[in-house]
Amino acid sequence: MKYMVFLCGIISILTAGCIPVMGNGRETEKISQEERVETMEEKITLEKEQKELLKSISINEEKVEEGKLSGWQKEVLRQYDYAMEYLKEKYPSYTFHIINCEPMSKVNQAHSSFFFYEGEAEDTVYDLYLYADEKNADEPYSAQDNFYTVLIKKAYEERLMQLMTENGISCRQIDAQLHTVQGKDFREGMDLEPIINGTQKMKQLTVFYIEETGQTAGQTAGEVKAVLEQQKIYGSFRILGEPEAGGETYQEDFNIFY
């Protein structure tokens, strides 16, 4: 009898010792499940423009409306934030709206493309290319855009016209066709002289409409080309002359790349 009592006592002690352990295990498991559910149901508050952007490139618009985003959608938001800050820094006097995006993917590994307009001019859309560098923790993103073209086109054409006049060349018109994206150096208030003196490269196709000045269009075109080469102005160029005796318009195309 004493032996049985002693054995029951041991069992009671062991059992009593197990209860807290099992209880803690269940509580830990319960907390872990709750954390997982909370993480899965984490919601992100989106601004109207962010929400519309994600809806335009997502299949499940309801999830976007609820702020329940997948990993790639969160990455698009991070890139969106960078793009907006980049534009504000380059063009502080202007207001921008990003309306669409082609995210970087396995098919398109080069960059993400964002499309935006300025102010209320919704019909004129510009491009921003965003590049990701996972190895650079300090600056994981960089970007290029083509909004600068609006700001410098007229001034650049006038500066080229001045350059031609200074060299005794008569041009009826100069049309700088600027479309390509450029980085942070091409910004509001930028100085055009580095482009004119050949120390800064700018991709372009600029057309010179030359006038008759008592010499052939070919001779005048040669003078234009010589000035551009001397200045080392980077880009592609086209020279158009007045219709000659045969009725054909003179045209010459050339590049200055270095």
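This briefing covers the largest pocket, helix α4 and residue I98. The structure is a predicted model, in which local features need pLDDT of at least 70, side-chain atom pairs count only at pLDDT 80 or more, and totals for chains, interfaces and linings use all residues. Residues are numbered from 1 along each chain as its sequence is written, and side-chain values use heavy atoms, with hydrogens and water left out.

**Helix α4**
- Helix α4 (a DSSP run of H or I, at least four residues, numbered from the N terminus) has 20 residues and spans 29 Å from first C-alpha to last, close to the 28 Å expected at 1.5 Å a residue. That expected span is 1.5 Å times one less than the number of residues.
- Its buried residues (under 20% relative accessible area, 1.4 Å probe, protein chains only) are Q73, V76, L77, Q79, Y80, A83, M84, Y86, L87 and K90.
- The elements covering these buried residues include α2 (48–57), α3 (61–66), β1 (96–102), β2 (112–118), β3 (126–132) and β4 (141–145).

**Residue I98**
- I98 lies in strand β1 (strands are DSSP runs of E, at least two residues).
- I98 counts as buried because its relative accessibility is 2%.
- Beyond neighbours within four places in sequence, I98 is in contact (heavy atoms within 4.5 Å) with E49, L53, Y80, A83, M84, F114, F115 and F116.
- I98 and Q50 are 48 residues apart in sequence, and their C-alphas are 8.4 Å apart.

**Largest pocket**
- Helix α4 (residues 71–90) gives the most to the lining of the largest pocket, with four residues.

Conventions: Buried < 20%, exposed > 50% of the residue type's maximum accessible area, 1.4 Å probe, protein only.
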